[in-house]
Amino acid sequence: MSRSNEGVVQGSKTDDPPSGADAGRGGAGTSGEAGSDFLQLDIGRVPAGGRTEWLAGRLRAAIADGTLPAGSRLPASRVLAAELQVSRGLVTEAYQRLAETGQVSGRGRAGTVVVAVPSRAEPPAELPAGGPRATGAGAGPVDALRALPCRIDLSPGVPDLAAFPRTAWLRAERQVLADLTPADFGYGNPQGAPALREAVAGWLARNRGIRADPGEVVIVAGVAQALALLSQVLRETGVTRLAVEDPGSLGARQQLEYGQLEPVPVPVDGAGLDVAALRASGARAVLLTPAHQFPTGVVLDGDRRRDLLGWAAEGGLVIEDDYDAEHRYDRAPVPALRALLPEAVCYAGSVSKLLAPALRLGWLLVPARHRDAVLAAKRYADLGNPVLAQLVLARLMDSGELERHLRFLRRRHRRRRDAMLRALRDRLPGARVHGAAAGLHLTVTFDGDAFEDTALASAALDLGVKCHPLSWHRFRPGPPGLILGYASGPVAEIEEGIAVLAAALRRIRP
C-alpha cells in the first residue's frame, strides 16, 4: 500500500464554529508578526473564531508528547497574550480548558503548572480483551470500548454526530405529521413503509447504480439486523459456514457467530478478497465490503470482481455490506456488486454513517429465492421498524436534502482526513497509512516493529484517546496497527489525538 498522500489538501482550516472566548474578536492576532517563541506559536493564520481551541489544542499536544513535562510552568497569561497579540481573556480561557481536564493547575504566585495526568476519580480504563475469538452472549470488545469514557474518540465507524441535520429533520417531520391520518399510526408493513422503500430504491439507483423495485426492498434496523436475519435464513437452508474477510470487521463476525454461523477467514490483499482462497475454503456464502474494505480501505479490483461473480453464478451467495460507500474523496465511485448480479447478491446498507446510528434505519435487498424467508424473519423479529422515522427519512431522500447533507459531509470529512494525514506525517513518520481515498477512518501499520498493537491502544486509552488495535479485526498475525476514525471530532482534537498516540508509542516501544 502506497504512502503517497497525493491529492491531499494542505493547510485546511478548522471547520468548527467560533468558541465563546474569542468569538467575534477579529482584530487581535491578525498581524503577520503575531507569535511567540514559546512552542513556536504562530497564531496569525488561525481563523478568529477558532483561536481559543487552537491554543488549547497546541498546549494539550505539547503536554501529551512530552514537550511540556509535568512541572513545566506556562507563560503568564498577560505575557503570552501580548506576544500573540490577542486578548488576555483568550489565553485565560485556553488555560482554563486545560485546568478543567486536569492537565494544568494554577499555583498562585508560582503561575500555571503542568501536571500532565488528569486526576481520576476511578482507576484508569483498561482496553477490553478482544480479537477474532472474542465471542459470547455479552458485549464484545467493540461495544465495551464504546462505553468507556475518553477525552478524544478516534474509534472507527463513528460518524459526525454533531452534523446531524436537525433543522431539515424537524421540517420533514412536521410535513409528515401534517399529512398523516389516524390510521397511519397503526401497525405498519413489516417490510417497511412503502414511501421509504420507494425512496430507497431511488437513492440506490442514483447513488449506487442498483436498479431495484420498491417491492424488493426490506427496511431493517441497520446492517446488524440485516446480518441477523440473513444468518437465520441461511442456517435454515443448511448453510453453517460463512466466509469473511481477513482482516475484516470483528463486530460483523460476532454478529454472524451469534446467529450460529461459523466464520471462515479468507485473506485480503491489495486487490481485495482472494477469490481463489474463497473457492478453496468450500464456503457457500461470503460476507464482504467490496467498495471500501474494512479496515484496509482497498477496493475489490476488476479481475477479482469477475472471479467473485463467476463463483456466485456457480451457486455461491454474496452478502455485500455497503457500509460507507458514499464517503469518497480522491477516487471515482465503485459500482455495487448487487447492480451486476442481483440474483446472487444480498445487499445491505444504512444511514448510520450518513445521519446517525441512533436512527436504526437501513435496507436489505435479497435474491428472490430468499425474500419470503427474510420477510417472515423480519415480521417475527419486530413487526417492522417505527413508521414515523421511516416517513421522515423518505421525505429527506425525495426532497434532495440527503444529497445536500452528503455533499456537506464530504467537504467536512475531507478537511478532517487531511488534518489526520498531516498529523500522522509529522508525529508518526514511520507509520504506513492505508485507505485514505474514502471512508471515515484510516488504518496505520508499523512494519518491522515488534510491539503489540493492543499495548499501544491501551497506552493511548490511559492517556484519554480511544482507537482500535488492528489485531482485533484479524485472524492471521500481521504487523501491529491501529484503526483511526477522523469523522467525529474537530481538527484540533484529531491533531491532539495523534500527538497522544505518538506519546503512547514512545511508552511501549522496546
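So, V444 first: its bridge partner in β16 is L482. β13 and β16 run antiparallel, with 5 bridges joining them. When I say helix or strand, I mean DSSP runs, numbered from the N terminus: H or I over at least four residues for helices, E over at least two for strands. Two strands pair if DSSP finds at least two bridges between them.

Before I go on, this is a predicted model: local features need pLDDT of at least 70, side-chain atom pairs count only at pLDDT 80 or more, and totals for chains, interfaces and linings use all residues. Residues are numbered from 1 along each chain as its sequence is written, and side-chain values use heavy atoms, with hydrogens and water left out.

Okay, back to the sheet. It's an open one with 4 strands, in the order β12-β13-β16-β15, and the pairing is antiparallel. The edge strands, each pairing on one side only, are β12 (432-434) and β15 (468-469). Now look at α13: this helix packs on the sheet and touches β12, β13 and β16. Its direction makes about 15 degrees with that of β13. α14 lies across β15 and β16, at about 40 degrees to β16. Those angles run from 0 to 180 degrees between N-to-C directions, using lines fitted to C-alpha atoms, for helices over the stretch in contact.

What about the inside? The largest nonpolar core has 40 residues. That kind of core is a set of buried Ala, Val, Leu, Ile, Met, Phe, Trp, Tyr and Cys residues joined through side-chain atoms within 4.5 Å, and buried means under 20% relative accessible area with a 1.4 Å probe, protein chains only. Which element gives the most to this core? That's α15, with 7 residues. L501 is one of the residues with the most contacts inside the core. Leaving out residues up to four places away in sequence, L501 touches L154, L428, L456, A460, C467, L482 and L484, where a contact is heavy atoms within 4.5 Å. And there's L482 again, the partner of V444. Apart from this core lies another, of 35 residues, including A212 and L402.

Last stop, β4, residues 217-220. Is V217 buried or exposed? Buried, along with I219 on that side, and V218 and V220 are buried on the other, so to speak both faces are covered. In a regular strand, side chains alternate between the two faces of the sheet. β4 runs antiparallel to β11 (residues 362-365), with 4 bridges, and V217 has L365 as its bridge partner there.

Conventions. Buried means under 20% relative accessible area, exposed over 50%, partly exposed in between (1.4 Å probe, protein chains only).
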